[in-house]
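User: Please take a close look at the annotated segment and its surrounding domain, and then describe the pocket.

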Amino acid sequence: MPEQPPSGRRERKKAATRQKIADTALRLFLERGYDAVGIRDVAAEADVAVTTVFSHFASKEALVFERDADFERRLARAVTDRAPGAPLVPALREETLALVRHCLADEAAPVWRMIDASPALREYESSMRLRHAETLAAALAAEPGAPGGATACRAVARFVVDAFALAREADDPETAVDEIFRMVEAAWEAAGAGVPSGPST
């Protein structure tokens, strides 16, 4: 469920500016090193005002994770937008696998090396995953037949979101996703959810 392109002319122009800033920032970060580039450098290279950069990105770290909001929405929509009666856990597995494949493309490797080498970026990624998990937990809790307590939904959501990081570090990411989601399915069922989690056996 990729993010839909903006429809209006103003929205398209705003999205194009945002993408230009993000692309420029990433290029500078990879060329010069993350710590050697400031927001003013990005603004100057992208030919925009510093205030324009901050109108699109709340922090320097956010420039690296420019798909953050899209990924967050995609996880929630894997729950809320699936077909009526479609099992929940396979829908989340497919979306997680799509995100893993996107982030393990060859061109993403230098970006992840940069992230892994930066304490600030690692901290930002951790806080981002927690936020994604809270959004996913809210979507799970709203499902008919979901566990009554918020803790169960939050725990399963954390498990799903952490699957991405675990798969990224695995020798065989797709096999890792399969293994993790067997445990996610078991956890969802153990929580007493009445929402179908997968095909009956």
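Analyst: UniProt lists residues 38–57 as "DNA-binding region" in an unreviewed entry, with positions in the numbering used here, feature names shortened, and annotations that may be inferred rather than shown by experiment. The model is predicted, with local features needing pLDDT of at least 70 and side-chain atom pairs counting only at pLDDT 80 or more, whereas totals for chains, interfaces and linings use all residues. Residues are numbered from 1 along each chain as its sequence is written, and side-chain values use heavy atoms, with hydrogens and water left out.

Over residues 38–57 the chain is 75% helix and 0% strand, with its end C-alpha atoms 13 Å apart; helices (H or I, at least four residues) and strands (E, at least two) are DSSP runs, numbered from the N terminus. The unreviewed entry also places "domain: HTH tetR-type" at residues 15–75, a stretch that is 75% helix and 0% strand, with end C-alpha atoms 21 Å apart.

As for the largest pocket (on a 1 Å grid over the protein atoms alone, an open set of points where a 1.4 Å probe fits, with protein on both sides within 12 Å along at least five of seven lines; lining residues have an atom within 4 Å of a point), 30 residues line it, and Val64, Arg67, Phe71, His102 and Cys103 lie nearest its centre. The largest share of this lining, five residues, comes from α1, while the helices that each supply at least two residues include α1 (9–32), α4 (60–64) and α5 (68–80).
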